[in-house]
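Got the viewer open? Here is a walk through the model, one selection at a time.

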Amino acid sequence: MFPLYSEYGFDLVLSGHAHGGQVRLPFAGGLIAPNQGFFPEYTSGEYKRGNCTMVVSRGLGNSIIPQRLFNHPEIVVLTLSKGK
């Protein structure tokens, strides 16, 4: 949905966790993520599209696969400030 959100002019999108690609490959990123399949596009971190920024957390738990591989859980802390 990120492309759609950026088209609507949202400045910031805070996304629920995507398990960071439940299994990650070093230097390659997420291998598989629940509901996204193989090589998911948005697994963790900050993504920009035009004036829109999306932040995706890796989350804390597990999903279908009961373990994480090369994928540490995280809690994202953001500081919002008024723009100029």
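Start by selecting Ser 15 and Val 56: Val 56, in S6, is the bridge partner of Ser 15. Strands here are DSSP runs of E, at least two residues long, and helices are runs of H or I of at least four, numbered from the N terminus. Ground rules before moving on: this is a predicted model, where local features need pLDDT of at least 70 and side-chain atom pairs count only at pLDDT 80 or more, while totals for chains, interfaces and linings use all residues. Residues are numbered from 1 along each chain as its sequence is written, and side-chain values use heavy atoms, with hydrogens and water left out.

**Stop 1: S1 against S6**

Widen the selection to both strands, S1 (residues 12-15) and S6 (residues 52-56). They pair in the parallel sense over four bridges; two strands count as paired if DSSP finds at least two bridges between them. Colour S6 by accessibility and you'll find that five of its five residues are buried. Buried means under 20% relative accessible area, exposed means over 50%, and partly exposed is in between, with a 1.4 Å probe and protein chains only. Which residues of S6 sit on which side? Cys 52, Met 54 and Val 56 are on one face, Thr 53 and Val 55 on the other, and both faces are covered.

**Stop 2: the core**

Now show side chains for Phe 2, Val 13, Tyr 42, Tyr 47, Cys 52, Met 54 and Val 56, the seven residues of the largest nonpolar core. Such a core is a set of buried Ala, Val, Leu, Ile, Met, Phe, Trp, Tyr and Cys residues joined through side-chain atoms within 4.5 Å. S6 supplies the largest share of this core, with three residues.

**Stop 3: Leu 12 and its patch**

Go back to S1 and click Leu 12. Leu 12 is partly exposed because its relative accessible area is 36%. Put a distance label between the C-alpha atoms of Leu 12 and Cys 52: they are 5.7 Å apart in space, but 40 residues apart in sequence. What does Leu 12 touch once its neighbours within four places in sequence are set aside? Thr 53, Val 55 and Leu 80 are in contact with Leu 12, where contact means heavy atoms within 4.5 Å.

Add Leu 14, Val 76, Leu 78 and Leu 80 to Leu 12, and you have a nonpolar surface patch with about 460 Å² of accessible area together. Patch members have over 30% relative accessible area and no salt bridge; like charges are joined within 9 Å, and nonpolar side chains (Val, Leu, Ile, Met, Phe, Trp, Tyr) within 5 Å. The areas come from the Shrake-Rupley method with a 1.4 Å probe, and for residues only the protein chains shown count as cover.

**Stop 4: the S5-S6 hairpin**

Select S5 (residues 45-49), which is joined to S6 by five bridges and runs antiparallel to S6. Lys 48 stands opposite Thr 53 in S6. Two residues lie between the strands of this hairpin, and Gly 50 has a positive phi near 60 degrees.

Keep Lys 48 on screen and add Glu 46: the two form a salt bridge, with the closest N and O atoms 3.5 Å apart. The criterion is a side-chain nitrogen of Lys or Arg within 4 Å of a carboxyl oxygen of Asp or Glu. Side chains of opposite charge can pair when their charged atoms come close. Lys 48 is exposed, at 59% relative accessible area, and Glu 46 is exposed too, at 54%. A search of the whole structure finds one salt bridge.

**Stop 5: the open sheet**

Next, pick out three strands in the order S2-S3-S4, which form an open antiparallel sheet. Its edges are S2 (23-25) and S4 (37-38), each pairing on one side only.

- S2 and S3 are joined by three bridges, and Leu 25 stands opposite Gly 29 in S3. Their hairpin has three residues between the strands, with Phe 27 in the turn at a positive phi of about 70 degrees.
- S3 (residues 29-33) and S4 are joined by two bridges, with Ile 32 partnered by Phe 38 in S4. This hairpin has three residues between the strands, and Asn 35 takes a positive phi near 65 degrees.

**Last stop: zoom out**

Show the whole protein chain as a cartoon: one helix and six strands, in the pattern α-β-β-β-β-β-β along the sequence. Of its 84 residues, 33% count as buried. The accessible surface comes to about 6100 Å², with 58% belonging to carbon and sulfur atoms.
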